[in-house]
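Biologist: Can you take me through this one? I have the sequence and the structure open, and I would like to start with the odd spots in the backbone.

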Amino acid sequence: MSFPHASDRHRRPPKTVLVLIDGVRYDALWKVNQWVGLPNFWRMIRDGVLWQNVYTLSPYLTNHITQKILTGHQNHVQNYTIFHRLEFLGFKTASVGTNPWDGRGARFNIDNLYDPNKNYRSDDVRIAAACRILPKVDFCYVYTVETDEYAHVCRDAKRHIYSWQSPYIWAIKRSDERIGRLRSWLEKISHGNYNLIAIADHGMTDNGRHSIATWNTEIVTHVPVFACGVNFKRNWKVDQRYYVTDLAHSIVNLYEPRAPAHMFDHAIVRPN
Ligand SMILES: [Zn+2]
């Protein structure tokens, strides 16, 4: 018996998109949904899988964690990225919106969207670039950052991230809308043969911080991970504890059954 893998020669490989939503706290899925609605996140969770106990690893800094997510290893510098691994297996990959190092190994490394000065809303540009490249690739990683940036606006303004006038809430709301647009586009170009996965790299303290390593509390370490698509069970919750370093191997497993499935172990379905 084998899993329905993209490596099946009789089947076109699904298009898999991994969206990293920087700094979205796990409880935001409920809290922000209650206030302003996150219909696209919740549609994904209803149609797919929510991992309820995924944790990130210190130091809780994005450039460290994204490397761990993309390589699946703590010692990320020495290891191949998910792009290297999928390309080696014969699949086409793209990395959108992050720094060039994060996207190393990707056939299309659209790295020039990283905006260090935070003065414009670059996530819309990132999603647009991902949508443009998607018809050409099997796997695409998209990095989005607004959520993190606006949590830090709360930090600087000494405002609780879940308070009145918090821009963090609206950044998460816009992220939900982008996920909805991305999913519609994926549906259209793949005729339903896709997987969409969302993960955060770290959470956030009430006052919009995450970078101090001693603050290794639940709110910073516990991250949302949810996915839907052709390879995932519907309305399925996973309780087992995993780490963000498990995800890369799990995604490779969709394309290569010899890779360990880790967090996808009981979350995958066999298509007809
Ligand atoms: Zn940050």
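**Backbone, metal site and a buried aspartate**

Modeller: His 191 sits in the loop between α7 and β6 (194-199). Keep in mind that this is a predicted model.

Biologist: What is the phi of His 191?

Modeller: The phi of His 191 is positive, about 55°, although the residue is not a glycine. The residue comes just after α7.

Biologist: And what is the usual sign of phi?

Modeller: Most residues other than glycine have a negative phi.

Biologist: Is His 191 buried or exposed?

Modeller: His 191 is exposed, because its relative accessible area is 74% and the cut-off for exposed is over 50%.

Biologist: Which residue in the loop between α6 and α7 should I look at?

Modeller: Gln 165 is found in that loop. Gln 165 has a positive phi of about 70° and is not a glycine either. With a relative accessible area of 49%, Gln 165 is partly exposed.

Biologist: OK, α7 itself. How many residues does it have, and how far does it reach?

Modeller: Helix α7 covers residues 167-190, which is 24 residues. From its first C-alpha to its last it reaches 34 Å, close to the 34 Å expected at 1.5 Å a residue.

Biologist: What happens at the start of α7?

Modeller: There, Ser 166 has a side-chain oxygen that comes to within 3.2 Å of the backbone nitrogen of Tyr 168.

Biologist: Where is the cis peptide bond?

Modeller: It joins Ser 58 and Pro 59, with omega about 0°. Pro 59 is in the loop between β2 (49-55) and α3 (62-71). As for the usual case, most peptide bonds are trans.

Biologist: Changing topic, the metal. Which residues coordinate the zinc ion?

Modeller: Asp 148 coordinates the zinc ion through two OD entries, and His 152 and His 210 each do so through NE2, at 2.0 to 2.3 Å. The spacing of these donor residues in sequence is D-x3-H-x57-H.

Biologist: Where do Asp 148 and His 152 lie?

Modeller: Both are in helix α6 (residues 146-157). They are 4 residues apart, about one turn of the helix. Asp 148 and His 152 are both buried.

Biologist: Why is the arrangement around the zinc ion irregular?

Modeller: The angles subtended by the 4 donor atoms run from 57 to 150°, so the arrangement counts as irregular. For four donors to be tetrahedral, all angles would have to lie between 85 and 135 degrees.

Biologist: How many disulfides does the structure hold?

Modeller: It holds 0 disulfides. Cys 154 is buried, with a relative accessible area of 1%. Cys 228 is buried too, at 0%.

Biologist: Last topic, Asp 123. Where does it lie?

Modeller: Asp 123 lies in helix α5 (residues 123-133). It is buried, because its relative accessible area is 2% and the cut-off for buried is under 20%.

Biologist: Which backbone nitrogens lie by a polar atom of its side chain?

Modeller: The backbone nitrogen of Val 145 is 3.0 Å from a polar atom of the Asp 123 side chain. For the backbone nitrogen of Glu 146, that distance is 2.9 Å.

Biologist: What is Asp 123 in contact with, leaving aside its neighbours within four places in sequence?

Modeller: Asp 123 is then in contact with Thr 144, Val 145, Glu 146 and Arg 178.

Technical notes:
Residues are numbered from 1 along each chain as its sequence is written. This is a predicted model: local features need pLDDT of at least 70, side-chain atom pairs count only at pLDDT 80 or more; totals for chains, interfaces and linings use all residues. Side-chain values use heavy atoms; hydrogens and water are left out. Donors are N, O and S atoms within 2.8 Å of the metal (3.2 Å for Na, K and Ca); water is not among the atoms, so sites may look incomplete. Four donors count as tetrahedral if all angles lie between 85 and 135 degrees; four count as square planar and six as octahedral if opposite donors are over 155 degrees apart and all others between 65 and 115; anything else is irregular. Helices (H or I, at least four residues) and strands (E, at least two) are DSSP runs, numbered from the N terminus. Buried means under 20% relative accessible area, exposed over 50%, partly exposed in between (1.4 Å probe, protein chains only). A disulfide is a pair of cysteine sulfur atoms within 2.5 Å. The expected span of a helix is 1.5 Å times one less than its number of residues. A polar contact is a pair of N or O atoms within 3.5 Å; within protein, one must be able to donate a hydrogen and the other to accept it, and residues adjacent in sequence count only if both atoms are side-chain atoms. Contact means heavy atoms within 4.5 Å.
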